[in-house]
Amino acid sequence: GSEKEYTALSVEVLKKDFNKEYFLHGDPGLMSDSFVLALGHAVEGEEKEVKKDEMVVILPTVKIDLILIWQPQEGKPVDILNVKDVIIALSTHFNLKKVTFDKWNSASTIQELISNGISAEDMSFSRGQQLEMYRNLRALIYNNLIKWPSNVLLCEELSKLQLINGSKVDHPVGGRKDIADAVVGCAWHCSEVKEVPWMMIM
């Protein structure tokens, strides 16, 4: 049979850090959409009281440390085995508290990650949950509580997001939000660690 080519990444991580808890969130793609992983953590001692919806909460400063993008090419889908190998490599350099994916539907790969000692799970977010996650990201951005590596595509995706019927966050026709979804999921997990209800606003 003919050989099939895949889109793969090679990652070299030089500095190990097991002192902080890191979260990794993936937005899966294979043929047409990119497969994106975002790695991040909450920065110790850099919390801030902010108004979020109708509540004042304490949010941490979130640092997105890595954004990894597998961009499929024509005839070259994403190499899922490579994605798995990269995650395992990251786990040998960072204290991965949790690894999550949005509707990956790849039980065998997730099971293999678990067998390597990685806490991994496939998650399915409702429209309401996704909206809350994007509201969380908005609160972090507006209060200067999130940092990420320079990424033009991420900024472009975020700037073009649309709120549909007040209940769904989506991209315009022909647009993408693969990177944004990975970052918003990672930021959500990082925020969950530190978010503490402070007081109800009357």
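This report describes the fold, salt bridges, cysteines, internal cavity and selected loop residues of one predicted protein model.

**Basis and confidence**

The model is predicted, so local features are reported only at a pLDDT of at least 70 and side-chain atom pairs only at pLDDT 80 or more, whereas totals for chains, interfaces and linings use all residues. Residues are numbered from 1 along each chain as its sequence is written, and side-chain values use heavy atoms, with hydrogens and water left out.

The predictor's confidence in each residue is given as pLDDT, on a scale from 0 to 100. For the protein chain the average pLDDT is 85, and 89% of the residues score at least 70. Among the elements of the chain, the lowest mean pLDDT, 51, belongs to strand β9 (residues 196-200), and the highest, 95, to strand β6 (residues 146-147).

**Overall architecture**

Helices and strands are DSSP runs numbered from the N terminus, helices being H or I runs of at least four residues and strands E runs of at least two. By this rule the protein chain has 5 helices and 9 strands. Their order along the sequence is β-β-β-α-β-α-β-α-β-α-β-β-α-β.

Relative accessible area, computed with a 1.4 Å probe on protein chains only, sorts residues into buried (under 20%), exposed (over 50%) and partly exposed (in between). Of the 202 residues in the protein chain, 45% are buried.

**Salt bridges**

Side chains of opposite charge can pair when their charged atoms come close. Here a salt bridge requires a side-chain nitrogen of Lys or Arg within 4 Å of a carboxyl oxygen of Asp or Glu. The count comes to 9 salt bridges; the table lists some of them, including their N to O distances.

| Salt bridge | N to O distance | Relative accessible area |
|---|---|---|
| Glu46 and Lys147 | 4.0 Å | Glu46 35%, Lys147 44% |
| Lys160 and Glu156 | 3.4 Å | Lys160 45%, Glu156 37% |
| Asp178 and Arg176 | 3.5 Å | Asp178 7%, Arg176 36% |

The side chains of Glu46 and Lys147 meet in a salt bridge. This pair links distant parts of the chain, with Glu46 in strand β2 (residues 35-52) and Lys147 in strand β6, 101 residues apart. Glu46 is partly exposed, and Lys147 is also partly exposed.

Lys160 and Glu156 both lie in helix α4 (residues 152-160); because they are 4 residues apart there, about one helical turn separates them. Lys160 counts as partly exposed, as does Glu156.

In the bridge between Asp178 and Arg176, Asp178 is buried, whereas Arg176 is partly exposed. Both residues belong to a network of salt bridges that also includes Asp33.

**Cysteines**

A disulfide is a covalent bond between the sulfur atoms of two cysteines. The criterion applied is a pair of cysteine sulfur atoms within 2.5 Å, and a search of the whole structure finds 0 disulfides. Cys186 is accordingly in no disulfide, and the nearest cysteine sulfur, that of Cys190, is 4.2 Å away. Cys186 is buried, at 0% relative accessibility. Cys155, by contrast, is partly exposed, with a relative accessible area of 42%.

**Internal cavity**

A cavity is a set of points, on a 1 Å grid over the protein atoms alone, where a 1.4 Å probe fits but cannot get out; lining residues have an atom within 4 Å of a point. Grid points are joined across faces, edges and corners, and the volume is the space filled by probe spheres set on the points. There is 1 cavity of 30 Å³ or more, and the largest cavity has a volume of about 60 Å³.

Its lining consists of His25, Asp102, Phe125, Gln130, Met133, Tyr134, Asp181 and Val184. Helices α3 and α5 (178-194) each supply at least two of the lining residues, and α3 gives the most, with 3 residues. By residue class, the lining divides into 4 nonpolar, 2 polar and 2 charged residues.

**Two loop residues**

Asn144 is located in the loop between α3 (127-142) and β6. Its phi is near 55°, a positive value in a residue other than glycine. Asn144 is exposed, at 65% relative accessibility.

Val78 lies in the loop between β3 (55-70) and α1 (80-91). Val78 is buried, with a relative accessible area of 1%. The C-alpha atoms of Val78 and Met31 are separated by 6.7 Å, although these residues are 47 residues apart along the chain.

Conventions:
1 Å grid on protein atoms, 1.4 Å probe; cavity = no way out; pocket = protein on both sides within 12 Å on 5 of 7 lines; lining within 4 Å. Nonpolar A, V, L, I, M, F, W, Y, C, P; charged D, E, K, R; others polar.
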